[in-house]
Structures are given as C-alpha cells and as structure tokens.
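Subject: Structure handover

Hi,

Here is the structure I promised to pass on. Could you open it and keep it beside you while you read my notes?

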Amino acid sequence: MKRDLQCPEECPSRAEPTPAPRITPELTGEAEDAELKCGSAPVWIFGYGSLVWRPGFEFTSRKVGFIRGYSRRFWQGDTFHRGSEKMPGRVVTLLEDCGACTWGVAYEVRGEQIPASLQYLNMREAVLGGYDTKLVKFHPQEKDAEEPIQALVYIATPQNPSYLGPASEEDIAAQIIVSSGCAGHNIEYLLRLADFMRYFCPQAEDKHLFSIEEALISILPCLCCAEESLEETASNPQKSKG
C-alpha cells in the first residue's frame, strides 16, 4: 500500500484558522445580501466529502486540489443524509494533523451564486450536519497554479452532538454497511469518495479511507452469505431441523 502523501512545505502553524461566519437568515439581511450579490470577488468553497461529487449548488468553476494540516476521518455521525436517529451513519470531518494533506474539490461561486450556495450549505452542512465553517488555504492540483486560494470549509468538531470520534476501520465499515438516510446508503458515500481519490488524485493515498473500503468489501460477502442462509431457513424450515 502506498504511503500517505506528504506535504512538501513546512507544517502550518497550530493556530486556528480564521473562523468564517455561519450564514444564517439573521446574517443575510438586505444589506449583506446586496453586498454579496454585487461584490466582484469570488468565494471558494472546499469540499472533501459528498461535495466532491454532489455539490448541490450552482458554481462558476471547480478545481481539484488539497489543503494542508488536516487529515480526513470518518468520525462524524449522520442522522439525516446517510443515517437515522436509530442507526447513525458515518461521514467525514477533518482532524488537525501537522504535515498531512486532505484532497478534495474547491468550487468558485460568484455574484448571486454566493448567497444561494451559502444558504444551501448552511442548511445541508451546518443545520442538518453539525458542521462549522473555517477559512483555509487551498492548493490547486494544476502545475501552473501560483498562490494558494482562500477557501471556506465545513468541519465537524468534537463539540457538536453528532460527533462519534475514532473507531477501528472494521467497526466503522460495519456501521456504514447498515446505515442509510435521505441522501442514500452510507455505502455509496464511502465508495464514491474512494473512487474520487482513486481517479482524480491517483498520486495521493488516504490510508484511513481505503482501509475502511477494504474492510467493507471483506465484510460484504460474509453478510450476503448470512442473509442467504436466513432466507433459505425461512423458506424451508423442515430442512433446518434435519
């Protein structure tokens, strides 16, 4: 297995990035809304989970790249998009990790796209997901990219009520297998994210992500065999007595 991609530059400061304001109805009054619509400067939004394949909002452009100083972890619980109150799913958040990189997609939004995308993401990520916003430096994958881009990112911290924290890759995979929510099955979430890394960032390795994928694939055949055995027993109870 390939090792995790190491960042070529020095480790960033351990100081917290400048917090970005959570966009709420109270913050998007007439004055703020008009300013966002008329402002010429674009806003960049970095996604490292389901946003890489399903942003859900209009954008002007997108770039594949990474941010430094964070590792992606399946440590956030999800009781809406990929799970339920009775059976929470597991989705990704970011963990401060000096020297690490997290790959994903940054979306550029302009003009009226800005308030529309932020209001949508506030509901999807903050209200329903439990995530907070921060500003980070995004490094595009393009070789001719010059300066890093300041981008907004959503991070679920241990302080939010849906935070589950660490677990073994096998336990995380077992939880993902039995969880689904309004956006679909938790398995789809895991496999789509792994596919994104495999096809768009082949030079990078996310050991945590691919270890969970490997554990899930190893569990699925056993689960299918167990279900087939139960179905056979239910359809032919006399055979099970013999």
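Below is what turned up, starting with how far to trust the model.

First, the ground rules. This is a predicted model, in which local features need pLDDT of at least 70 and side-chain atom pairs count only at pLDDT 80 or more, while totals for chains, interfaces and linings use all residues. Numbering starts from 1 along each chain as its sequence is written, and side-chain values use heavy atoms, with hydrogens and water left out.

On confidence: pLDDT is the predictor's confidence in each residue, from 0 to 100. The protein's mean pLDDT is 83, with 75% of its residues at 70 or more. Residues 10–38 stay under 50, and the model gives them 43 contacts (heavy atoms within 4.5 Å) beyond four places in sequence. Residues 226–234 are also below 50, with 2 contacts beyond near neighbours in sequence. Where pLDDT is low, the predicted coordinates should not be read in detail.

Now the fold. Helices (H or I, at least four residues) and strands (E, at least two) are DSSP runs, numbered from the N terminus, and two strands pair if DSSP finds at least two bridges between them. What you'll see is a closed barrel of 5 strands in the order β1-β3-β2-β4-β5, with mixed pairing. From one strand to the next, the twist averages 45° (axes are lines fitted to C-alpha atoms, for helices over the stretch in contact, and angles run from 0 to 180 degrees between N-to-C directions). Strands β2 (residues 61–78) and β4 (residues 132–140) run antiparallel and are joined by 3 bridges; Ile67 stands opposite Phe138 in β4. Helix α3 (residues 169–177) packs on the sheet, where it touches β2 and β3, and its direction makes about 40° with that of β3. Helix α2 (residues 113–127) lies across β1 (43–47), β3 (89–109) and β5 (149–155), at about 25° to β5.

Next, aromatics. Rings of Phe, Tyr and Trp (its six-membered ring) pair if their centres lie within 6.5 Å; planes under 30 degrees apart are stacked, over 60 edge-to-face, and the rest tilted. That rule gives 10 aromatic pairs. One of them is Phe74 with Tyr189, edge-to-face at 5.9 Å centre to centre and 85° between the planes. Phe74 is in strand β2 and Tyr189 in helix α4 (residues 186–200), so the pair ties together parts 115 residues apart in sequence. Both Phe74 and Tyr189 are buried (buried is under 20% relative accessible area, exposed over 50%, partly exposed in between; 1.4 Å probe, protein chains only). Phe57, Phe59, Tyr107 and Tyr120 form one aromatic cluster.

Finally, salt bridges (a side-chain nitrogen of Lys or Arg within 4 Å of a carboxyl oxygen of Asp or Glu). The whole structure has 8. Asp206 and Arg72 form one at 3.0 Å, N to O. Asp206 sits in the loop between α4 and α5 (207–235) and Arg72 in strand β2, so this pair ties together parts 134 residues apart in sequence. Both Asp206 and Arg72 are buried. Arg110 meets Glu108 at 2.7 Å, N to O; Arg110 is partly exposed at 37% relative accessibility, whereas Glu108 is buried at 8%. In helix α4, Asp195 and Arg198 are 3 residues apart, about one helical turn, and their side chains meet in a salt bridge of 3.2 Å, N to O. Arg82, Glu188 and Arg192 are joined into one network by salt bridges that share partners.

Cheers
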